Amino acid sequence: MKNQELRAILLGELHIEDLPEEEQDDIISKLGDNILKSLTLKILEQLSQENRKKFEIVSASGDDNRIHEFLKATVPDMHTLMETEIRKIIQLYRENEEK
């Protein structure tokens, strides 16, 4: 998933379109970081020891296409996993906003 896609999802789900762009960027940046951390943990849980080592190497390359191809080949239903983690972080954000 590309950054613009994630931004569009977060803007739509959080209904923050009316906030100043700087505030939107701040919220999206924080949530994006949380989503990335959560997703990385879920990915690592699903990978074998051997594939975890390979993932570290591929991730260190910084090549988004290479990372995507590796995950597509080694993590079953990667797209659903991403959607699940995005929804989880959005829900946590909403719960914290209500407090």
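Me: Why is R7 called buried?
Reply: In this predicted model, R7 has a relative accessible area of 17%. The term buried applies under 20%, and therefore R7 is buried. The residue is found in helix α1.

Me: Which residues does R7 contact, leaving aside its neighbours within four places in sequence?
Reply: R7 is in contact with E21, Q24, D25 and I28. Contact requires heavy atoms within 4.5 Å.

Me: What makes the link between the side chains of R7 and Q24 a polar contact?
Reply: The side chains of R7 and Q24 are joined at 3.3 Å. A polar contact needs a pair of N or O atoms within 3.5 Å, one able to donate a hydrogen and the other to accept it. The link between R7 and Q24 therefore counts as a polar contact.

Me: How is the direction of α1 relative to α2 described, and why?
Reply: Helix α1 (residues 3–14) and helix α2 (residues 21–46) pack at an angle of about 110°. Angles of 65 to 115 degrees count as roughly perpendicular, and therefore α1 is roughly perpendicular to α2. The axes of α1 and α2 are 10 Å apart.

Me: Which residues form the contact of α1 with α2, and how do they divide by kind?
Reply: On the side of α1, the residues are L6, R7, L10, L11 and L14. On the side of α2, they are E21, Q24, D25, I27, I28, L31, G32 and I35. Eight of the residues in this contact are nonpolar, two are polar and three are charged. Glycine is placed with the polar kind, so G32 is counted there.

Me: How do you know that the span of α2 agrees with its number of residues?
Reply: Helix α2 has 26 residues, which at 1.5 Å a residue should span 38 Å. The expected span is taken over one less than the number of residues. The end C-alpha atoms of α2 are 36 Å apart, and this agrees with the expected value.

Me: Which residues of α2 are buried, and what do they pack against?
Reply: The buried residues in α2 are Q24, I27, I28, L31, G32, I35, S38, L39 and I43. They pack against α1, α3 (49–61), α4 and α5. Residues three or four places apart on an α-helix point the same way, because there are 3.6 residues a turn.

Me: Is E85 buried or exposed, and how do you know?
Reply: E85 lies in helix α5 and has a relative accessibility of 2%. That value is under 20%, so E85 counts as buried. Not counting residues up to four places away in sequence, E85 touches S38, L39 and K42. The side chains of E85 and S38 are also joined by a polar contact of 2.2 Å.

Me: Why is L44 called partly exposed?
Reply: L44 has a relative accessibility of 26%. Buried means under 20% and exposed over 50%, with partly exposed in between; L44 therefore counts as partly exposed. This residue of helix α2 touches R52 and F55, not counting residues up to four places away in sequence. The C-alpha atoms of L44 and V75 are separated by 9.4 Å, with their positions 31 residues apart along the chain as the sequence separation.

Me: What makes H15 and D77 exposed?
Reply: H15 has 63% relative accessibility, and D77 has 53%. Exposed means over 50%, so H15 and D77 count as exposed. H15 is found in the loop between α1 and α2, while D77 is in the loop between α4 and α5 (78–98). H15 is not a glycine, yet it has a positive phi of about 55°. D77 likewise has a positive phi of about 55° although it is not a glycine.

Me: Why is D64 called exposed?
Reply: The relative accessible area of D64 is 62%. This is over 50%, and therefore D64 is exposed. D64 is placed in helix α4 (residues 64–74). From C-alpha to C-alpha, D64 and K42 are 18 Å apart in space, and they are 22 residues apart in sequence.

Me: How many helices and strands does the chain have?
Reply: The chain has five helices and zero strands, in the pattern α-α-α-α-α along the sequence. Of its 99 residues, 31% count as buried.

Methods: Residues are numbered from 1 along each chain as its sequence is written. This is a predicted model: local features need pLDDT of at least 70, side-chain atom pairs count only at pLDDT 80 or more; totals for chains, interfaces and linings use all residues. Side-chain values use heavy atoms; hydrogens and water are left out. Axes are lines fitted to C-alpha atoms, for helices over the stretch in contact, and angles run from 0 to 180 degrees between N-to-C directions. Helices (H or I, at least four residues) and strands (E, at least two) are DSSP runs, numbered from the N terminus. Angles under 35 degrees count as roughly parallel, over 145 as roughly antiparallel, 65 to 115 as roughly perpendicular and the rest as oblique. Buried means under 20% relative accessible area, exposed over 50%, partly exposed in between (1.4 Å probe, protein chains only).
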